[in-house]
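Reader: Could you walk me through how to read the contacts between chains in a model like this one?

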Amino acid sequence: MLELRLVQGSLLKKVLEAIKELVTDANFDCSSSGVSLQAMDSSHVALVALLLRYDGFEHFRCDRNRSMGMNINNVSKLLRCAANDDIITLKADDDSDTITFMFESPKQDKIADFEMKLMDIQNDHLGIPEAEYQAIVKMPSLEFARICKDLSSIGDTVVISVTKEGIKFSTRGDIGSANIVCRQNTTVDKPEDSTTIEMKEPVSLTFALRYMNSFTKATPLSSTVTISMSSDLPVVVEYKIAEMGYIRFYLAPKIEDDDEDTL
Amino acid sequence: MLELRLVQGSLLKKVLEAIKELVTDANFDCSSSGVSLQAMDSSHVALVALLLRYDGFEHFRCDRNRSMGMNINNVSKLLRCAANDDIITLKADDDSDTITFMFESPKQDKIADFEMKLMDIQNDHLGIPEAEYQAIVKMPSLEFARICKDLSSIGDTVVISVTKEGIKFSTRGDIGSANIVCRQNTTVDKPEDSTTIEMKEPVSLTFALRYMNSFTKATPLSSTVTISMSSDLPVVVEYKIAEMGYIRFYLAPKIEDDDEDTL
Amino acid sequence: MLELRLVQGSLLKKVLEAIKELVTDANFDCSSSGVSLQAMDSSHVALVALLLRYDGFEHFRCDRNRSMGMNINNVSKLLRCAANDDIITLKADDDSDTITFMFESPKQDKIADFEMKLMDIQNDHLGIPEAEYQAIVKMPSLEFARICKDLSSIGDTVVISVTKEGIKFSTRGDIGSANIVCRQNTTVDKPEDSTTIEMKEPVSLTFALRYMNSFTKATPLSSTVTISMSSDLPVVVEYKIAEMGYIRFYLAPKIEDDDEDTL
C-alpha cells in the first residue's frame, strides 16, 4: 500500500510544471524515505533530479519500494484539475497497475479522484557523485529567469563567468552582443533578494540557453536558485522545495574553441 | 416604436458573450412584457432560451410585438464597443429594417450609436412545457465551469449523478478516469457559495462536455447555476440574470448502453 | 563622444514600442540640443517625428552631430531587456560604428550592456512647416485608443469631424454604421480626463483606421493626445513625452467623393 498525503498540493502542481517541458515519461521512485525521480530530457542532454522527503508529507506510507512509471504530460493534465489550495493524496495498492490522485478542497465540500494507468519505463539510473564546485552562486530565481529569457532574444548560448565580484552572463548574436553582470550583494532587506558567491577559483562555461530557459520553469518553486559550476563538471541549477527537497537540473557545458573570444 | 433603455449595459454584453458560441443567427422577440429569444445551436442539439423582463429596463417601450432577426456575432462585436459602465439603449422604428444601439457613458460625455440591418430568420418556436424534475442542484457557477473545463482535459462526455449526498461528475478517456463530487453544503458564509440539492429520486445522465462548456460562457451573469435533471427530459442549465430574467440551456442526455459502467 | 544618461529608462522603452510597428529602420539624429528622429512608415503614408530634448537627460554629452542608423526592431528587442526602473545610458565613440546601451538597476547590483552595430540609412529629411490648424482637440489618450480599436471592428476608415460641441468619429462596414461623439468637457476631476476643443472652423476628414491604430501604440507615453486638423493638411496626432519632447504622427487624409455620405 502506498499513500502520500500532501497538504500543500500546489507544490506538486509546480513540480510537474517545472519538469514537463524537459521530461516525457519518468519513474517516480517511492521508498520509505520519500519520492525521487531522475530523468534525462528527450535529447539526452540535460538531467533532472527530484527529491521529496517523506517528512514533508502530512501522511506518508510506502510499504515496499516501487518505481511508478508515468507520462509526465498526463500527470500534469490531472494536476491542473487541482485547485491551488487543494490537499493532494496519491494512492496505489501494492499489486495495482494504476495510481489514484485525490484532490480535496480545504472545506472538504469537493472531492475529486483521478485514476491513471502506470507505465513500464526502462530506467538507466545514474549515480550522481557528490562533487566539489569551483563556484557556487545563490541568486534570486526571478532574476535568473529574466536574464535567461532576455539573452535568448539575442543569442543561442550563454557564457556564465564567476569572479569574486559577481556573476556575468554573456551572449552574442546577429543583433550584437550582451553582457549582464549581477554583483554580489548581501546588504538587502530580504535574504531572498541577495546574490552570494562562494568561489574557490574563477570559472567560465558556455551553455545552450534553450535548456537554461527550460530549467527556469521551476522558478515558482523557490525564490532563490543555486548555480554550481566547475570547469570539468555539468552545471547544477538547483531549486529548493520548501522543507521537502529539491529539483536539480544538470547540463554539460558546451566545448567551444572560441570561449575566450565570446567573453 | 421600440425603445429599451438598460442602465446596467454590461448585462447585455454578458448575455451576448453567453450565447454567441452556440447561436449564429436568432430572433429577439419583443413584446410589452419584455425581450425573449429562443434558438437551437447550429448542430440542432442544444437549445438556448433567454428572457429579459420589461421591468428590468429603466425605460421600456414596445408599441407592437416584433421579431428582430440578428446575427449574434455582429451584435456581440457592436456590444464590445460599449464600456462596462455604459447605459445601453436599443431603438427601432416600427417600419424600419434597422436597429440602433446607443451607448452613453455615465457622465454623458461620450455617446456612441451603431445602426445595424435586421435579418429575416425562420423561427421554429418550440413550446417548452413546464416540467417536474427528479433532481434540482444549485451550485456556484464558477465551480460548475471549473469542473466542466477540468473534465474536458480527460474525456468527451460527463456522467452527472445526483444523490442526497451530492452531485458527482464523472468522465473517462485515454489518460484514465475521473470523478468529482460536490457535497451538499449550506453552512457557508455566503449563500452563493452553497451547494443545495432538491431531490425526489437519484438520477444519472450522460452529456457531451463540449455543450456543457459552451453553457458555462454564461458564468459572468450569475454567481450560481441551477441544474435540473430527470431521466426522460433534457437537462436545464439555468443562469439567473439579476432581477430581470434568465438564460436557460437545454441539452438532451446521451443514450449509452454502458452508462452503468462509466459510473 | 556621445553619452546620454536617462534616469527614467522606461520612457525610452515606451518610445520604441510606440514607433516599432510603423518604422523599420531609422536615423537617431543627435546634436547638442537633443535627440530627434524622423521616418516614414514602410508604405510611405505616415510620418513619425520624435524629439527628446537634451535637458530631459540626467547627463547629455554629444561632441559632434551624428545620425545613427538603427533597426528599430532590434533596438526594441534590446530595450525589452531593461527593467522599467532601470537607468539607461547610450554611449558611442565618435569614430565607432557601434552603439552601447547600458542598463543599471536602481540599486546598481545588476548592470547590463548591449553593443549593437549601427547602419547607414539614406534619409530624406522633410521640413515640416509650422502650420495653423482649423481645429485642435485634446482628449484622454486611452479614450482615443479605445475608439480607434472599437471602430476597427466595424470599418476600415474613420471620418473625424470637429464642431464646437465635440469630436465625432464615424465609420461604416458590412455590419452597419457607427458614430461616436466625445463632447467637450472641462469640468472633470483630473485635467487629463478633459476633452477640449480649439476650433476656428468645423473640419471633417477621412483617415485609414489602420494607421490611427498604429499611432495609439504611443498611448503609454501620455495620458492625453492632441489631434490637429485642417482640410488641406495631414492630421497631426501628438503624444507629449513628459518634460522632454514628443512623438508626432502625421497622416494625409483620404480623398473620397462620398465623404459627405459617410457622415
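Author: We'll go through the symmetry, then the interfaces, then the strands that join them. Keep in mind that this is a predicted model.

Reader: Sounds good. What turn lays chain A on chain C?

Author: You look at the rotation and at the shift along its axis. Here a turn of 120 degrees with a shift of 0.0 Å along the axis puts chain A on chain C, with an RMSD of 0.0 Å. The two copies are therefore related as by a three-fold rotation axis. In chain A, the C-alpha nearest that axis belongs to A:Pro220, at 17 Å.

Reader: Next, the interface. How much area do chain A and chain C bury between them?

Author: The size of an interface is often given as the accessible area lost when the parts come together. For chain A and chain C that comes to about 1400 Å², with 48% of it on carbon and sulfur atoms. In chain A, the residues that lose the most area to chain C are A:Arg146, A:Ile175 and A:Arg183, together 36% of what that side buries. As for contacts, 17 residues of chain A touch 18 residues of chain C.

Reader: And which side chains meet in a salt bridge there?

Author: The rule finds one salt bridge across this interface. It joins C:Lys110 and A:Glu143, at 2.7 Å from N to O. Between the two chains there are also nine residue pairs in polar contact, both residues at pLDDT 80 or more. On the chain A side, α3 (141–152) and β13 (176–183) each give two or more residues, and β13(A) gives the most, with eight residues. By class, that side has eight nonpolar, five polar and four charged residues.

Reader: So what does β13(A) pair with?

Author: For strands, check the partner and the sense of the pairing. β13(A) pairs with strand β9 (residues 110–117) of chain C, antiparallel, over seven bridges. One spot to click on is A:Ser177, which stands opposite C:Glu115 in β9(C).

Reader: Now chain B and chain A. How many residues are in contact there?

Author: There, 17 residues of chain B are in contact with 18 residues of chain A. About 1400 Å² is buried between them, 48% of it from carbon and sulfur atoms. The salt bridge joins the side chains of B:Glu143 and A:Lys110, again with 2.7 Å from N to O.

Reader: Which residue is the bridge partner of A:Lys110 in β13(B)?

Author: That's B:Cys182. Strand β9 (residues 110–117) of chain A and β13(B) pair in the antiparallel sense, over seven bridges.

Definitions and conventions:
Residues are numbered from 1 along each chain as its sequence is written. Chains are lettered from A and ligands numbered from 1 in the order in which they are written. This is a predicted model: local features need pLDDT of at least 70, side-chain atom pairs count only at pLDDT 80 or more; totals for chains, interfaces and linings use all residues. Side-chain values use heavy atoms; hydrogens and water are left out. Copies are superposed by least squares on the C-alpha atoms of residues with pLDDT of at least 70 in both. Contact means heavy atoms within 4.5 Å. Buried area is the accessible area (1.4 Å probe) that two parts lose on being put together, summed over both. A salt bridge is a side-chain nitrogen of Lys or Arg within 4 Å of a carboxyl oxygen of Asp or Glu. A polar contact is a pair of N or O atoms within 3.5 Å; within protein, one must be able to donate a hydrogen and the other to accept it, and residues adjacent in sequence count only if both atoms are side-chain atoms. Helices (H or I, at least four residues) and strands (E, at least two) are DSSP runs, numbered from the N terminus. Ala, Val, Leu, Ile, Met, Phe, Trp, Tyr, Cys and Pro count as nonpolar, Asp, Glu, Lys and Arg as charged, and the others, Gly among them, as polar. Two strands pair if DSSP finds at least two bridges between them.
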